[in-house]
Amino acid sequence: MSAIIGIISTMIMDFSQNFKLGITEVQEDDHTLILGWNGSTIPLIEELCLAADSEGGGKIVILSERPKLEVDSDIRINLGNGQLRGTRIQVRTGPYSTTAALETVQASKAKAIVVQAAAGDPDKADSLILRTILSLKGMPTPIKGDIIAEMRDIDNQLLVKTVGGRAIETIVSHDIIGRLMIKSARNPGLAEVYESVLGFEGCEFYM
């Protein structure tokens, strides 16, 4: 009996440690999957929480190479005091460009997958996006949701679109931000229009 209790205790401790490290498998479906972490992740989560507020909250799973405890801390600091609006967030740690890591976060069952660009050299960041798309396309179970990939260099956009096919939408973030800034500077008040139309706070558009 002592040996059995010792084995069970060890198994529970190992599971708890793996959960803290963010390497356990996620049991979710119809969730929004965010791959990677950068400066726009927190605003993205906030908008997703606002979007799901009318439905009582949603489900978000984050897979990045950052330690789970650091990501949990950032979310708790920046999105505390009820800003999650009923949305449940699960964080996992791992190389999101590999099929094995993508299977742990149920990528094939996600309703939408957002691949965020890494910091640093644009070509290296876009090559990581390309490897991630290849891993998503090569999963044993086909992806059912849409894929949105953030690019750093507009010259690499065509290659990623060619690999991803119709299931992927690419966004060159700095190009879009630059265009919006120029248009808003030339037309006073246009920034508020963009914020109202593109954001989920207040009234929303459903298409």
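In what order do the elements of the protein chain run from the N terminus on? In this predicted model, the order is α-β-α-β-α-β-α-β-α-β-α-β-α-α. The chain thus described holds 8 helices and 6 strands. Along its principal axes, the C-alpha trace spans about 75 × 40 × 30 Å. Of the 207 residues in the protein chain, 35% count as buried. The area that the chain exposes comes to about 12,400 Å², with carbon and sulfur atoms supplying 59% of it. Contacts between residues at least 6 apart in sequence were also examined, and 74% of these join residues at least 24 apart.

A good place to start looking inside the model is helix 2, which covers residues 41-51. Its buried residues are Thr41, Ile42, Ile45, Cys49 and Leu50. The cover over these residues includes two helix-flanking strands by number, strand 1 (32-35) and strand 2 (59-64), together with helix 3 (68-78) and strand 3 (88-93).

Strand 2 also contains Ser64. Is this serine buried or exposed? With a relative accessibility of 2%, Ser64 counts as buried, because the cut-off for that class is under 20%. The side chain of Ser64 reaches the backbone nitrogen of Arg66 at a distance of 3.4 Å. Once neighbours within four places in sequence are set aside, the residues in contact with Ser64 are Gly36, Trp37, Val71, Arg92, Thr93, Gly94 and Tyr96.

Two loop residues deserve a look for their backbone geometry. Asp30, found in the loop between helix 1 (2-21) and strand 1, has a phi near 55°, a positive value in a residue other than glycine. Its relative accessible area is 41%, so Asp30 is partly exposed. Arg85 lies in the loop between helix 3 and strand 3. For Arg85, too, phi is near 55°, and this residue is likewise not a glycine. Arg85 has a relative accessible area of 37% and is therefore partly exposed.

Attention now turns to helix pairs. Two packed helices are described by the angle between their axes and the distance between the axes. For helix 5 (residues 122-137) and helix 6 (residues 157-164), the axes come within 10 Å and cross at roughly 5°. Helix 5 and helix 6 are therefore roughly parallel to each other, since angles under 35 degrees fall in that class. On the helix 5 side, the contact is made by Ile129, Leu130, Ile133, Leu134 and Lys137. Helix 6 contributes Leu159, Val160, Val163 and Gly164. By class, the residues of this contact divide into 7 nonpolar, 1 polar and 1 charged.

How do the axes of helix 7 and helix 8 cross, and within what distance do they come? The axes of helix 7 (residues 173-186) and helix 8 (residues 190-198) come within 8 Å, with a crossing angle of roughly 135°. Helix 7 and helix 8 are therefore oblique to each other. Leu180, Lys183 and Ser184 make the contact from helix 7, and Leu190, Ala191 and Tyr194 make it from helix 8. These contact residues divide into 4 nonpolar, 1 polar and 1 charged.

Terms used. Residues are numbered from 1 along each chain as its sequence is written. This is a predicted model: local features need pLDDT of at least 70, side-chain atom pairs count only at pLDDT 80 or more; totals for chains, interfaces and linings use all residues. Side-chain values use heavy atoms; hydrogens and water are left out. Buried means under 20% relative accessible area, exposed over 50%, partly exposed in between (1.4 Å probe, protein chains only). Helices (H or I, at least four residues) and strands (E, at least two) are DSSP runs, numbered from the N terminus. Contact means heavy atoms within 4.5 Å. Axes are lines fitted to C-alpha atoms, for helices over the stretch in contact, and angles run from 0 to 180 degrees between N-to-C directions. Angles under 35 degrees count as roughly parallel, over 145 as roughly antiparallel, 65 to 115 as roughly perpendicular and the rest as oblique. Ala, Val, Leu, Ile, Met, Phe, Trp, Tyr, Cys and Pro count as nonpolar, Asp, Glu, Lys and Arg as charged, and the others, Gly among them, as polar. Accessible areas come from the Shrake-Rupley method with a 1.4 Å probe; for residues, only the protein chains shown count as cover. A polar contact is a pair of N or O atoms within 3.5 Å; within protein, one must be able to donate a hydrogen and the other to accept it, and residues adjacent in sequence count only if both atoms are side-chain atoms.
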